[in-house]
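Biologist: Before I ask anything, please put the sequence and the structure up where we can both see them.

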Amino acid sequence: VQLQASGGGLAQAGGSLRLSCAAPRLITSTYWQYDMGWYRQAPGKQRELVAVITPDRTPNYADSVKGRFTISRDNSRKTIWLQMNSLKPEDTAVYYCNARSTGATPQDYWGQGTLVTVSS
C-alpha cells in the first residue's frame with residue numbers, strides 16, 4: 001500500500017495546517033478495508049496516535065488533540081485529511097499517515113513523514 005502524505009510546514013502557535021494522505025494505487029473497494037490514521041513522532045519521543053478514522057468515517061482522537069484537530073476521509077478519492085487548528089509548539093513532530101487493514105490479522109502501512117513545526 002503506497003501512501004502519499006503532504007501538507008506539513010511551519011506555523012505559528014494558534015495557527016492552522018492541513019495534512020493530506022492519498023492512496024492512489026488502491027482500488028476503491030480495497031480502500032474500504034482500511035482504517036486510516038495519523039501518527040506523530042517528536043524528537044526523542046515514541047510515535048503516538050493522533051487520530052484514526054474507520055471506513056464508515058467514525059473518528060477517534062488522542063486526548064491531546066481533541067477539539068483542535070479534525071480527521072476526515074473521502075473513500076471515493078482514497079484520501080484522508082487532518083485539519084489542525086489552534087496549533088501548539090508541542091504539536092511539533094513528524095506526522096505519518098497510516099493504513100491498517102481491518103481483517104483478522106491487521107497489517108500496518110506507512111507513508112513518508114511530513115514535518116510540522118509550530119513556533120511559539
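**The disulfide and its surroundings**

Modeller: The link of Cys21 and Cys97 is left-handed, with -85° about the S-S bond. Keep in mind that this is a predicted model.

Biologist: How far apart are the sulfur atoms of Cys21 and Cys97?

Modeller: A disulfide needs two cysteine sulfur atoms within 2.5 Å. Cys21 and Cys97 form such a disulfide, and the count comes to 1 disulfide. The distance between their sulfur atoms is 2.0 Å.

Biologist: How many residues apart are Cys21 and Cys97?

Modeller: Cys21 is in strand 3 and Cys97 is in strand 9, so the pair links distant parts of the chain. Both Cys21 and Cys97 are buried. Along the chain, their separation is 76 residues.

Biologist: Is Asn98 buried or exposed?

Modeller: Asn98 belongs to strand 9, which covers residues 93-101. Buried means under 20% relative accessible area. Because the relative accessibility of Asn98 is 3%, Asn98 counts as buried.

Biologist: Which side chain forms a polar contact with the side chain of Asn98?

Modeller: Leaving aside neighbours within four places in sequence, Asn98 is in contact with several residues, including Leu3, Asp35, Met36, Tyr109 and Trp110. Asp108 is also one of the contacts of Asn98. The polar contact is 3.2 Å, and the side chain that joins Asn98 in it is that of Asp108.

**The nonpolar core**

Biologist: Which strand gives the most to the largest nonpolar core?

Modeller: This core has 30 residues, and those that touch the most other members are Met36, Trp38, Leu82, Met84 and Tyr95. Several strands each supply at least two residues of the core, among them strand 3 (17-22), strand 4 (34-41), strand 8 (79-84) and strand 9. The strand that gives the most, with 4 residues, is strand 9.

Biologist: Which residues of the stretch from 97 to 99 does Met36 touch?

Modeller: Residues up to four places away in sequence are not counted here. Among the residues that Met36 touches are Leu3, Tyr31, Ala51, Val52, Ile53, Ile71, Arg73 and Ile80. From the stretch you ask about, Met36 touches Cys97, Asn98 and Ala99.

**The open sheet**

Biologist: Which are the edge strands of the open sheet of 4 strands?

Modeller: The order of the 4 strands is 1-3-8-7, and the pairing is antiparallel. An edge strand pairs on one side only. The edge strands are therefore strand 1 (4-6) and strand 7.

Biologist: What is the average twist from one strand to the next?

Modeller: Strands of a sheet pair through backbone hydrogen bonds, either parallel or antiparallel. In this open sheet the pairing is antiparallel. From one strand to the next, the twist averages 15°.

Biologist: What is the bridge partner of Arg73 in strand 8?

Modeller: Strand 7 covers residues 69-74. Strand 7 and strand 8 pair in the antiparallel sense over 6 bridges. In strand 8, the bridge partner of Arg73 is Ile80.

**Two partly exposed residues**

Biologist: How far apart are the C-alpha atoms of Ser29 and Arg73?

Modeller: Ser29 lies in helix 1, residues 28-31, and at 48% relative accessibility Ser29 counts as partly exposed. Ser29 and Arg73 are 44 residues apart along the chain. Their C-alpha atoms are separated by 14 Å.

Biologist: What separates the C-alpha atoms of Lys66 and Ala51?

Modeller: Lys66 lies in the loop between strand 6 (59-61) and strand 7. Lys66 is partly exposed, with a relative accessible area of 47%. Lys66 and Ala51 are 15 residues apart along the chain, and the separation of their C-alpha atoms is 9.0 Å.

Conventions: Residues numbered from 1 in each chain as written. Predicted model: local features only at pLDDT ≥ 70, side-chain atom pairs only at ≥ 80, totals over all residues. Heavy atoms only, no water. Buried < 20%, exposed > 50% of the residue type's maximum accessible area, 1.4 Å probe, protein only. Polar contact = N/O pair within 3.5 Å; in protein donor to acceptor, adjacent residues only side chain to side chain. Contact = heavy atoms within 4.5 Å. Core = buried A, V, L, I, M, F, W, Y, C linked by side-chain atoms within 4.5 Å. Pairing = 2+ DSSP bridges. Axes fitted to C-alpha atoms, helices over the stretch in contact; angles between N-to-C directions.
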